[in-house]
Protein chains: 2
Amino acid sequence: MAATLKDVALAAGVSIKTVSNVINDYQHIRADTKQRVMEAISELGYSPNLSARSLRSGKTGVIGLAVPELSLSYFAELADSIIKAAERRGLKVLIEQTGGDRAHELEILSSPRLQMTDGLLFSPLGMSNEDAHHLNVNFPLVLLGERIFGGPTDHVTMSNVESARAATAHLISKGRRRIAVVGGHEGEVIGSAGLRLRGYQQALEEAGIPFDPSLVGYTTFWHRANGATTMKALLESGVEFDAMFGMNDTLALGAMRVLQEAGRRIPDDVAVIGFDDLDEGRYSLPTLSTIAPGRDEIADTAVRVLQERISGPDSDVPPREFEAHFQVIERESSALPG
Amino acid sequence: MAATLKDVALAAGVSIKTVSNVINDYQHIRADTKQRVMEAISELGYSPNLSARSLRSGKTGVIGLAVPELSLSYFAELADSIIKAAERRGLKVLIEQTGGDRAHELEILSSPRLQMTDGLLFSPLGMSNEDAHHLNVNFPLVLLGERIFGGPTDHVTMSNVESARAATAHLISKGRRRIAVVGGHEGEVIGSAGLRLRGYQQALEEAGIPFDPSLVGYTTFWHRANGATTMKALLESGVEFDAMFGMNDTLALGAMRVLQEAGRRIPDDVAVIGFDDLDEGRYSLPTLSTIAPGRDEIADTAVRVLQERISGPDSDVPPREFEAHFQVIERESSALPG
DNA sequence: AGGCGAGTCTACAACGTTGTAGGATGAGCG
DNA sequence: CGCTCATCCTACAACGTTGTAGACTCGCCT
């Protein structure tokens, strides 16, 4: 069906290899030969067979991206950034959804499901630090997210502790001292929740505010519904607070809705800040203050580092850790006289 | 590096082809031979080279999905559904973002960028019905969305007219007669905006309500910001209305925020319904009534049809059109005594 | 005894590409 | 005139897999 090098070679009256050379910009080709080949190519509508090329070269030009779910806005926006970053480097992206399920995540690492790709950007959610050794695989792998630290691979992550500290400090700078947290994971030390809670505590400490555990609302997942139910529980517990730090925007938005239903004014009664800088927070009522975690920087770094691992010499470079730069973005939900 | 059929064959003391036969479940193999081969396979950690397999078979097991942007929630959720549907059928999905740009969309159709895939699910935004002939490509292609109708390929779409009519009828059933629309595209006949506006008009007609053009708010894009500015313009125009139909949820949410800022109560002063059934609308304040467009059905149909085209005999089946089933979902934003 | 068919396995070619080695041509130089 | 050397091109092999054709064994039927 589709034209091959052979067809083009026949049409142009040259050898197969010469056509191949033209395509690959080999230097020593006479101008008229080149011209003739080019004409034959466009006449036959030839385009190279990528499977064959992959077989020869061992490279596919495709990278894998494994995320929990695209319907979680953060991962959708991350995927967007990553696809764009990959495109800039001439790579395509094949997306795999793990559902945040540990078994599914391990399966992706061990089975040949991503055979078609040159390497993998991996954002686990179900795995924990004890699973780090599973990352010891024999293909290029770059880890994303905050579930595992000190693993055997390159790792690109947010500045979780510092940015959570900045978020909390921001609320403190607005005169708030009773700051509720929505989204804690009981007993977690590593992981977005654990790290961000640490940042929260650091900020309190710096300001000389004692840490009150009853202000921390725990939840397993970070969906809108969880933000809502966690906030409901906080309200029912009767604990007082004049500010809230949502561990991500989605939680914050769900929680805000419950606060408003309960008659609390934002930011007057409760100042709110989230985390992630989702587009959504720009148009909520009120607009949501947040931490911009440097998504484009994360995407760009991750793709660049993966590409280095793919083409670079084997493993003489030890695993590296990258932290993206964050920014505190003040919007209406925390806009108060500082 | 990685083990090949040859290595396994050597280890098991059989021919390459026998190993291949074991892998492909060929019937006539002695039990002990099979056993020996299996052992060699797991011992060497063999897994087939997919590039080679693709080269031989002409199939990659990967389909392409071209959408405007994953940061648009609708497309993120669509991609989610499609990846899941593809997984059920043993396919992987490679995602390409067009940015909704016509030139970029045409380029994807004409260039060999998606060579690595067996077929393409294509959701254009910039192209219009006049570009339909560009869909006449020589690889399996299934069209999604409402930009082009009557094209030369299979097409999976929402019931735009009918569901917009149902949305409007829903507002009418709540006693509303002055129904504003947010998201019209000036002069458009085909396309989500044009079709949904038609459904809106049909519902009015059925109810004997005259169509008032000044109730239609036009906008080019369907982001949150556009919903907000369009609603601002409507309010400034001084036109009166007691309900609003947002052509999608994002627009509706943006518009709701402006309405609330202007002091209009929802649903008391203005009843609101959107379109798309985004997760977000389940946790907005108030929760957003909407049309569930049957996303899973769309995804499932699209993947199934594409797979049929990929493996099926060539083109003896004429292009087919599929319309997913929709549902009106009533939430707080339109919850009024019927 | 000869022949047949089912079961089991193998050798070889082919998919379309690129790397390697080397052949042919002509210019430059002693 | 003969040599070298750069330029331009070609033949062949190889990447790892699967389809095709056929070899060989065995039991069973005529």
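This is a short chat about how two domains of chain A meet in a predicted model.

Reader: How is chain A divided up?

Author: Chain A has domain 1 (5-48), domain 2 (62-158 + 295-324) and domain 3 (160-292), with bounds that come from an automatic or database domain assignment. Residues are numbered from 1 along each chain as its sequence is written, and chains are lettered from A. The model is predicted, with local features needing pLDDT of at least 70, side-chain atom pairs counting only at pLDDT 80 or more, and totals for interfaces using all residues, while side-chain values use heavy atoms and leave out hydrogens and water.

Reader: And what area is buried between domain 2 and domain 3 of chain A?

Author: About 1,000 Å² is buried between domain 2 and domain 3 of chain A, and carbon and sulfur atoms give 52% of that; buried area is the accessible area (1.4 Å probe) that two parts lose on being put together, summed over both.

Reader: Which three residues supply most on the domain 2 side?

Author: A:Glu146, A:Arg147 and A:Met158 supply 41% of the area that domain 2 of chain A buries against domain 3 of chain A, more than any other three residues.

Reader: Switching topic, how many salt bridges cross that interface?

Author: The rule finds 1 salt bridge across the interface of domain 2 and domain 3 of chain A, where the term asks for a side-chain nitrogen of Lys or Arg within 4 Å of a carboxyl oxygen of Asp or Glu.

Reader: What distance goes with A:Glu188 and A:Arg147?

Author: The side chains of A:Glu188 and A:Arg147 form a salt bridge at 3.2 Å, N to O.
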